[in-house]
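Here are my notes for a first walk through this model. Have it open beside you as you read.

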Amino acid sequence: MLSINAYAAIDVYDFDSVQQEAQYRGLIEELRCPKCQNQNLAGSDAPIAQDLKQKTYDLIKDGRSDGEIRAYMQERYGDFITYKPPVRPSTWILWFFPPLLLITLIVGWFWQSRRHQRVARGQSGVTVDSATALTTVEKAELDRLLSRPSSTSSNDNHDNDITSLEDKK
């Protein structure tokens with residue numbers, strides 16, 4: 001019983017020539033099933049896919065070219081039916097967004113790496129304005145703290161190193 005079901009899923013079409021059969025196989029591999037989203041007609045067992053395979057077969061038997069069959073399917077089912085949508089304003093995002101995104105990411109990465117190199121070399125271009133610079137009193141205090149010898153005794157209280165209440169915060 002199982003072998004009968006598996007055998008029924010195989011499409012059997014009678015073609016006039018090997019070229020017609022190759023044309024059919026190529027088209028059903030290229031055309032997308034409207035129901036299955038991302039599966040071609042050859043791999044789909046959906047009823048609509050079966051109907052589209054039959055229609056493709058009928059159009060091939062009528063002597064239609066690949067372009068005519070694709071145009072018929074796109075007219076009837078839209079650009080979704082093909083894996084290669086045409087370039088037109090409605091499909092520009094499909095064609096141009098991925099390369100633009102890639103270029104933007106590469107430029108951003110390059111800019112960021114150059115910036116890190118400049119910072120590492122000390123060429124960051126950052127200028128210190130006078131409002132954020134240390135005053136002479138602050139510089140003197142910093143020099144005093146840096147020049148003080150460190151205590152080696154473990155009995156010393158570490159709170160003595162801090163000179164003001166503001167430094168403790």
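The points below go from overall confidence to the helices, their packing and a few single residues.

1. Ground rules first. This is a predicted model, in which local features need pLDDT of at least 70, side-chain atom pairs count only at pLDDT 80 or more, and totals for chains, interfaces and linings use all residues. Residues are numbered from 1 along each chain as its sequence is written, and side-chain values use heavy atoms, with hydrogens and water left out.

2. How far can you trust it? The score to look at is pLDDT, the predictor's confidence in each residue, from 0 to 100. Its mean over the protein is 79, with 76% of residues at 70 or more. Among the elements, helix α3 (residues 47-61) has the highest mean, 91, while helix α1 (residues 2-8) has the lowest, 44. Over residues 1-8 the pLDDT is below 50, and beyond near neighbours in sequence this stretch has zero contacts in the model (contact means heavy atoms within 4.5 Å). Where pLDDT is low, the predicted coordinates should not be read in detail.

3. The overall layout is easy to remember: seven helices and zero strands. Along the sequence that reads α-α-α-α-α-α-α. Here helices (H or I, at least four residues) and strands (E, at least two) are DSSP runs, numbered from the N terminus.

4. Now for the surface. The protein has 169 residues, of which 16% count as buried, meaning under 20% relative accessible area (exposed is over 50%, partly exposed in between; 1.4 Å probe, protein chains only). Its accessible surface comes to about 13,300 Å², and carbon and sulfur atoms account for 58% of that. These areas come from the Shrake-Rupley method with a 1.4 Å probe; for residues, only the protein chains shown count as cover. As for contacts between residues at least 6 apart in sequence, 44% join residues at least 24 apart.

5. Which residues touch the most other members of the largest nonpolar core? They are Y24, L41, I69 and M73, out of 16 residues in that core. A nonpolar core here is a set of buried Ala, Val, Leu, Ile, Met, Phe, Trp, Tyr and Cys residues joined through side-chain atoms within 4.5 Å. Helices α2 (18-30), α3 and α4 (66-77) each supply at least two residues of this core, and α3 gives the largest share, five residues. In soluble globular proteins, nonpolar side chains tend to be buried together.

6. Next, look at α3 against α4. Their axes come within 11 Å and cross at roughly 145°; axes are lines fitted to C-alpha atoms, for helices over the stretch in contact, and angles run from 0 to 180 degrees between N-to-C directions. From α3, the contact uses I48, L52, K55, T56, L59 and I60, and from α4 it uses I69, Y72, M73 and Y77.

7. Helix α2 packs against both of these partners. With α3, the axes come within 10 Å and cross at roughly 145°, and Q20, Q23, Y24, L27 and I28 of α2 meet K53, T56, Y57, I60 and K61 of α3. With α4, the axes come within 11 Å and the angle is roughly 35°. There, Q23, L27 and E30 of α2 meet D66, I69 and R70 of α4.

8. I60, in helix α3, is a good residue to click on. Is I60 buried or exposed? Its relative accessible area is 1%, so I60 is buried. Leaving aside neighbours within four places in sequence, I60 contacts Q20, Q23, Y24, L27 and I69. D16 is 44 residues from I60 in sequence, yet the two are 9.9 Å apart in space, C-alpha to C-alpha. I69, in turn, touches Q23, L27, T56, L59, I60 and R64, again not counting residues up to four places away.

9. Two more buried spots deserve a look. A49, also found in helix α3, has a relative accessible area of 0% and is therefore buried. Not counting residues up to four places away in sequence, A49 touches C33, L41 and S44. N40 lies in the loop between α2 and α3, and N40 counts as buried because its relative accessibility is 16%. Leaving aside neighbours within four places in sequence, N40 contacts I28, E29, L31, R32, C33 and Y83.
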